[in-house]
Each structure stands twice: as C-alpha cells, then as structure tokens.
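Work through the following exercises with the sequence and the three-dimensional model side by side. Each task is followed by a solution that proceeds step by step.

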Amino acid sequence: MILDQTPLFDPALLHQLDWKENIVSFSPEISPTQPGEGLLLRPLCTADFNKGFFKVLSQLTKAGDVTPEQFIRKFEHMKKTGDYYVIVVEDVNIGAIIATATLIIEHKFIHSCAKRGRIEEVVVTDECRGKQLGKLLVSTLTLMSKKLNCYKITLECLPKNVAFYEKFGYCTSAEAYMQHRFFD
C-alpha cells in the first residue's frame, strides 16, 4: 500500500449519522458534513502521514518516531479489523490535519455479545482551538457508536475535562481507572 486517499472506513458512515440526535449546540452551526469553511471531516487515510497527522497527535501525548512503513502496517491492521474509526479534520486550504479523534469498538460476551465503543486521542491543534472542532469530533464519534449498535461508549479524561464531556451526556462512573504501564 502507498500513501494515498484510501479511507480507514467507509466515509458514507459519516453521512448516515442522524445529526438531529446530537445533544450539544454549535454556534455557528457545524456538522460532520459541514465542519466549517475550508474544513473537511473524514476518515483517516494513509496520505495523512504527510499532512501532519503525527504533529497533531504529539500535542496530546508522545507520538514517537513512526516511519511511513510502520504507519501503513498499522493502518492496514486497523482497516482489516473494521473496529477502528479514526476521524480527522483537514484544513483543505493548507492540506494539513488540524484535529483527530478515534473510536474503537470492543466486542463483548456480556450484554448478549454486545459491542462497546471507546473514544480515545481527541486532539485539536493549538492554533485551531476555539472553533468547536473538539465538540464536533466527540459528537460525531458518540453518534457513530450509537449507529454501530454499541450498548455504551466510554472515554478517559483528565479531571479538568470532565465538564466538557458532561455536555455530551457522559458521566463519571463508580469504576476506577487503573493502569499498568510497560513503556512511557
């Protein structure tokens, strides 16, 4: 595979979302199909490697030094499983990724072999914050998880971000988040 415009998942899924079910307000109005002037919300593609995808991720956490070959292998794995939905916002005027977020679908035996959605890696570049793009990403992935028949969707966030996610109907649970790190 080469670095091209092949999407990680079918872009039609973004157009099939019932935006009327969105519970957060936007001013001015934006949506997955109309994210703002000169902006395009779409699935990740391998060409995004050269459009600053890792630069955006590095504003969230350590992204590491990833080669195009590593990126393509991971992309192909994610595409093959069909359980990864990485969306990006591209500023088409400059050909750069300015925001991204990921929805991962977990398959469970509980709840009659149901699916659970998990949102991760929500980040908007510093220079594009305040344009409602974080809200757009979270709203889009929340509706996608519903469309994909998840029984619930979860995310992890810093305490300072709890109020932001509560706007979307997320609430803290009695469960404790714990981790065991093997690498930084």
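**Exercise 1. Determine which strand is joined to β4 by 5 bridges, and in which sense the two run.**

Solution. The partner is strand β5 (residues 150–155), and the two strands run parallel. The model is a predicted one, in which local features need pLDDT of at least 70 and side-chain atom pairs count only at pLDDT 80 or more, while totals for chains, interfaces and linings use all residues. Residues are numbered from 1 along each chain as its sequence is written, and side-chain values use heavy atoms, with hydrogens and water left out. Strands are DSSP runs of E with at least two residues, helices are runs of H or I with at least four, and both are numbered from the N terminus; two strands pair if DSSP finds at least two bridges between them. Individual partners can then be checked: Lys-115 is bridged to Cys-150 of β5, and Ile-119 to Leu-155 of β5.

**Exercise 2. Place β4 within its sheet, and state what its burial implies.**

Solution. Begin with strand β3 (residues 96–107), which pairs with β4 in the antiparallel sense over 8 bridges; here Thr-100 has Val-123 of β4 as its bridge partner. Next, extend the view to the open sheet of 5 strands, whose order is β1-β2-β3-β4-β5 with mixed pairing. Its edge strands, β1 (39–43) and β5, each pair on one side only. Finally, consider burial (under 20% relative accessible area with a 1.4 Å probe, protein chains only): 7 of the 10 residues of β4 (residues 115–124) are buried, so this strand is largely enclosed by the rest of the structure.

**Exercise 3. Identify which helix forms a β-α-β unit with β4 and β5, and give the handedness of the unit.**

Solution. The helix is α5 (residues 133–147), and the unit is right-handed, meaning that, with the strands pointing away from the viewer, the path from the first strand over the helix to the second runs clockwise.

**Exercise 4. Describe the surroundings of Lys-51.**

Solution. First locate Lys-51 in the loop between β1 and α2 (53–57), where its relative accessible area of 18% makes it buried. Then list its contacts (heavy atoms within 4.5 Å): leaving aside residues up to four places away in sequence, Lys-51 touches Gln-5, Arg-42, Glu-90, Gly-95, Ala-96 and Ile-97.

Notes: Buried < 20%, exposed > 50% of the residue type's maximum accessible area, 1.4 Å probe, protein only.
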